[in-house]
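Here is a friendly set of exercises to work through with the model open beside you. Try each task before reading its solution.

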Amino acid sequence: MKVLGINGSHRAGKGTAALLQAALDGAAEQGTALGVPVSGELVELSRLDIGFCIGCNRCLAQTSCALADDMNDLYEKLRDADVVLLASPDYFGTVSARMKNFMDRTRPFHMVENVLTGKVGGALSTAGLNNCGGEGTLALLDSWFATQGMLAVHPRTQGAPLAGGVVATGFAGLSEEGQPQWRSVKADKIGFALARQLGREATCLAARLA
Ligand SMILES: Cc1cc2nc3c(=O)[nH]c(=O)nc-3n(C[C@H](O)[C@H](O)[C@H](O)COP(=O)(O)O)c2cc1C
């Protein structure tokens, strides 16, 4: 089973990448438990040359894009994937411009034919603060899965529910003076537990569908 993780952060290898890696780790664990070999890959959009969609509408008539850049390789990876995990930092309550452009560039995959329909998806976000747009970021990622006809999973932990979506934040509370205190998003144990769970559940669903 192929699990493709796509990171829309401008900072490769930082908080959003770590959260996405936790989901890929969860997917690999679940694959081992099910006896299904999982091959995971984390793609950093910031390391690729992906131009803006130019709105030429060629994709209204054919399943291809007029631009020639690193998106071509990514189209092949998306075609091959059983599970696609999208991760983005929360920027003003939504995805990064880099992730949004990736989404725009996938328009050729659902205008003439539904290339990604039936594949499994899962959304993850990092944010600076709690209650400051992380859920809006997840909602936009979920809307991409819906537009592509994909089946988005949402993590449900065993026992007490921790949250409905994967948002890890760098918020460490307020000082006595009311100033926000910061930490690495990697210290958000709930966010990382949910990311692992998302990876596990995405693998379970993809295995059931196979
Ligand atoms: C331009 C910009 C806008 C941001 N907007 C928000 C926001 O609306 N809400 C929030 O909680 N954090 C916001 N953040 C903080 C990032 O979501 C946070 O630092 C994220 O974890 C960065 O991920 P990275 O480590 O992969 O770069 C913003 C950061 C930047 C640079």
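## A salt bridge with a buried acid

With a relative accessibility of 9%, D188 counts as buried. Please keep in mind that this is a predicted model.

**Exercise 1.** Find the salt-bridge partner of D188 and say how close the two side chains come.

*Solution.* Begin at D188 and look for a basic side chain. The partner is R183, and the closest N and O atoms of this salt bridge are 3.5 Å apart. The cut-off for a salt bridge is 4 Å, so a separation of 3.5 Å qualifies. Next, compare the surroundings of the two residues. R183 has a relative accessible area of 31% and is partly exposed, whereas D188 is buried at 9%.

## Salt bridges across the chain

**Exercise 2.** How many salt bridges does a search of the whole structure find? Work through the one between E41 and K77, and say which elements it joins.

*Solution.* The search returns six salt bridges. A general reminder helps here: side chains of opposite charge can pair when their charged atoms come close. In the bridge between E41 and K77, the closest N and O atoms are 2.9 Å apart. Now place the residues: E41 belongs to strand β2 (residues 39-44) and K77 to helix α2, so this pair ties together parts that are 36 residues apart in sequence. Finally, check exposure. E41 is partly exposed at 34% relative accessibility, and K77 is partly exposed at 31%.

**Exercise 3.** Are D69 and R105 buried or exposed? Describe the salt bridge between them as well.

*Solution.* Take the contact first: the closest N and O atoms of D69 and R105 are 2.9 Å apart. This pair links distant parts of the chain, with D69 in the loop between β2 and α2 and R105 in helix α3, 36 residues apart. For exposure, the cut-off is that a residue is buried under 20% relative accessible area. D69 has 15% relative accessibility and therefore counts as buried. R105 has 2%, so R105 counts as buried too.

**Exercise 4.** Which residues are linked with E29 in a network of salt bridges?

*Solution.* Start from the acid and look for basic side chains around it. The network links E29 with R196 and R200.

## Aromatic pairs

**Exercise 5.** Classify the aromatic pair of Y75 and F109, and say which parts of the chain it ties together.

*Solution.* The structure holds four aromatic pairs. In the pair of Y75 and F109, the ring centres are 5.1 Å apart and the planes make an angle of 45°. Planes under 30 degrees apart would be stacked and over 60 edge-to-face, so this pair is tilted. Y75 sits in helix α2 (residues 71-80), while F109 sits in the loop between α3 (97-105) and β4 (120-127), so the contact ties together parts that are 34 residues apart in sequence. As for exposure, Y75 is buried with a relative accessible area of 7%, and F109 is buried at 2%.

**Exercise 6.** What is the geometry of the pair W144 and F145, and which aromatic cluster do they belong to?

*Solution.* W144 and F145 form an edge-to-face pair, 5.5 Å centre to centre with 70° between the planes. Both residues are buried. Together with F102, they form one aromatic cluster.

## Positive phi angles

**Exercise 7.** Where do N57 and N131 lie, and what are their phi values?

*Solution.* N57 has phi near 70°, a positive value in a residue other than glycine. N57 is in the loop between β2 and α2 and is partly exposed at 36% relative accessibility. N131 has phi near 55°, again positive in a residue other than glycine. N131 is in the loop between β4 and α4 (134-147) and is exposed at 82%.

## The ligand

**Exercise 8.** Which residues come nearest to the ligand, and how is the shell around it made up?

*Solution.* Of the 16 residues around the ligand, S9, R11, T16, D90 and C132 come nearest. By class, the shell has seven nonpolar, six polar and three charged residues. α1 (15-34) and β4 each supply at least two of the shell residues.

Now go through individual contacts:

- The side chain of R11 has an N or O atom 2.8 Å from an oxygen atom of the ligand.
- A polar side-chain atom of T126 is 3.0 Å from a ligand oxygen atom.
- A backbone N or O atom of C132 is 2.8 Å from a ligand nitrogen atom.

Last comes the area: the ligand taken alone exposes 650 Å², and the protein buries 72% of that.

Notes: Residues are numbered from 1 along each chain as its sequence is written. This is a predicted model: local features need pLDDT of at least 70, side-chain atom pairs count only at pLDDT 80 or more; totals for chains, interfaces and linings use all residues. Side-chain values use heavy atoms; hydrogens and water are left out. Rings of Phe, Tyr and Trp (its six-membered ring) pair if their centres lie within 6.5 Å; planes under 30 degrees apart count as stacked, over 60 as edge-to-face and the rest as tilted. Helices (H or I, at least four residues) and strands (E, at least two) are DSSP runs, numbered from the N terminus. Buried means under 20% relative accessible area, exposed over 50%, partly exposed in between (1.4 Å probe, protein chains only). A residue is near a molecule or strand if one of its heavy atoms lies within 4 Å of it. A polar contact is a pair of N or O atoms within 3.5 Å; within protein, one must be able to donate a hydrogen and the other to accept it, and residues adjacent in sequence count only if both atoms are side-chain atoms. Accessible areas come from the Shrake-Rupley method with a 1.4 Å probe; for residues, only the protein chains shown count as cover. Ala, Val, Leu, Ile, Met, Phe, Trp, Tyr, Cys and Pro count as nonpolar, Asp, Glu, Lys and Arg as charged, and the others, Gly among them, as polar.
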